[in-house]
Every structure is written in C-alpha cells, then in structure tokens.
Amino acid sequence: MTRIAIKRVYEPATDTDGLRVLVDKLWPRGIRKEALHYDLWAKEIAPTPGLRTWFHAAPGERWEEFRRRYTAELRSSPAAVRAFVARIEKEPRATLLYASKNAEENHARVLREYLERESG
C-alpha cells in the first residue's frame, strides 16, 4: 500500500515526498507552473467548485460539514477515485499537495483519510 502524506505546495520538495500529486482544482497562487515540482495534477479528485466556494466562505464554521460533503463527493465518484488510486498505488509513497493556508482543515487531509480508510 502507498503511504500518503500531505504538504503545502509552498513547502520545498524533498527526496522523501515520493510521487508528488497536486490535488487542487485551481493552480496555486504565486507559483509558476515550471517552478512547482509535481508529478501529477489530479484536478478530478478535488472538491467541486461549488463545495470549495461554500467552504471558503466560512471555513471555521463549516469544517465538519465540508468533510461530510467532500467524502460524499468522493463516494459518488468511484471511477475517479479508482483511477486516482491506480495512478499512485505502485508508488511506495505519495504526497498530496494543497495550497490552503490551514494545515489542519483542508481537503487534502480529507482525501488522505478517505483513501486510507477505503484501502485499509
């Protein structure tokens, strides 16, 4: 099984990152495409634009509901999740890259928990 880590896109790449996967729907602000070290951009597994916009309007109040809704989106997209897992499963380690300033309450964390739970 692939070990999954999460990391902000603004943190430097390291040798221990393994496969670096950008999991945001939008390109991160302030980073040129050629400046970001990433192996895969998995837009299809990111939260929908409507959910992302809703959450960012009041993230402190909406975190638990966001987790529930994003998990429901992942469950309703089994083909996208399977395709994503197929891309990373041969790697010993994958790092999910996200742009959010909040390291504790972001979609990459929810995605990692979902993937670990479903594969476990």
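In this predicted model, the side chain of threonine 95 reaches the backbone oxygen of aspartate 17 at 2.7 Å. Threonine 95 sits in strand S4, which covers residues 93-98. With a relative accessible area of 1%, this threonine is buried, that is, under the 20% cut-off. Once residues up to four places away in sequence are set aside, threonine 95 touches Ala5, Ile6, Lys7, Asp17, Leu19, Arg20 and Val21. Asparagine 106 is another matter: eleven residues along the chain from threonine 95, its C-alpha atom is separated from that of the threonine by 14 Å.

Aspartate 17 turns up again with arginine 20, as the side chains of these two residues are joined by a polar contact of 2.4 Å. So aspartate 17 offers its backbone oxygen to the side chain of threonine 95, and its side chain to that of arginine 20, with a polar contact taken as a pair of N or O atoms within 3.5 Å. Arginine 20 belongs to strand S2, residues 19-22. Charged or not, arginine 20 is buried, at a relative accessible area of 1%. Its surroundings, leaving out neighbours within four places in sequence, take in Lys7, Glu11, Pro12 and Ala13, then the run Leu36, His37, Tyr38, Asp39 and Leu40, and finally Thr95 and Leu97. Thr95 on that list is the buried threonine of S4, and Arg20 in turn appears among the residues that threonine 95 touches.

Past S2, the chain runs into the loop between S2 and S3, and that is where arginine 32 is found. Unlike the buried arginine 20, arginine 32 is exposed, with a relative accessible area of 55%. The side chain of arginine 32 does have a partner, though: a polar contact of 2.9 Å joins it to the side chain of glutamate 34. Arginine 82 lies 50 residues from arginine 32 in sequence, and the C-alpha atoms of the two arginines are 30 Å apart in space.

Turning to the helices, H1 (residues 49-57) and H2 (residues 59-75) have axes that come within 8 Å and cross at roughly 160°. That angle makes H1 roughly antiparallel to H2. The crossing of H1 past H2 is left-handed. On the H1 side the contact is made by Leu51, Trp54, Phe55, His56 and Ala57, while H2 brings Pro59, Arg62, Trp63, Glu65, Phe66, Arg69, Tyr70 and Glu73. Sorted by class, this contact has eight nonpolar, one polar and four charged residues.

Glutamate 73, one of the H2 residues in that contact, is worth following a little further. Glutamate 73 is in contact with Ala46, Pro47, Thr48 and Leu51, not counting neighbours within four places in sequence. Leu51 is one of the H1 residues in the helix contact, and the C-alpha atoms of leucine 51 and glutamate 73, 22 residues apart along the chain, are separated by 9.4 Å. Threonine 48, for its part, has its place in the loop between strand S3 (40-41) and H1. From C-alpha to C-alpha, threonine 48 and glutamate 73 are 8.1 Å apart, with their positions 25 residues apart in sequence. At 35% relative accessibility, threonine 48 counts as partly exposed.

H2 also meets helix H4, residues 107-119; here the axes come within 10 Å and cross at roughly 50°. H2 is therefore oblique to H4. The H2 and H4 crossing is right-handed, whereas H1 passes H2 in a left-handed one. Trp63, Phe66, Arg67, Tyr70, Thr71, Leu74 and Arg75 of H2 make the contact with His107, Arg109, Val110, Leu111, Glu113, Tyr114 and Arg117 of H4. By class, that comes to seven nonpolar, two polar and five charged residues. Trp63, Phe66 and Tyr70 of H2 take part here and are also listed in the contact with H1.

Within H2, threonine 71 gives a closer look at the contact with H4. Leaving aside neighbours within four places in sequence, threonine 71 is in contact with Val110, Tyr114 and Arg117, each of them listed for H4 in the contact with H2. Threonine 71 counts as buried, at 11% relative accessibility.

Note on methods: Residues numbered from 1 in each chain as written. Predicted model: local features only at pLDDT ≥ 70, side-chain atom pairs only at ≥ 80, totals over all residues. Heavy atoms only, no water. Axes fitted to C-alpha atoms, helices over the stretch in contact; angles between N-to-C directions. Helix = DSSP H or I, 4+ residues; strand = E, 2+ residues; numbered from the N terminus. Parallel < 35°, antiparallel > 145°, perpendicular 65-115°, else oblique. Left-handed = near helix turned anticlockwise from the far one by under 90°. Contact = heavy atoms within 4.5 Å. Nonpolar A, V, L, I, M, F, W, Y, C, P; charged D, E, K, R; others polar. Buried < 20%, exposed > 50% of the residue type's maximum accessible area, 1.4 Å probe, protein only. Polar contact = N/O pair within 3.5 Å; in protein donor to acceptor, adjacent residues only side chain to side chain.
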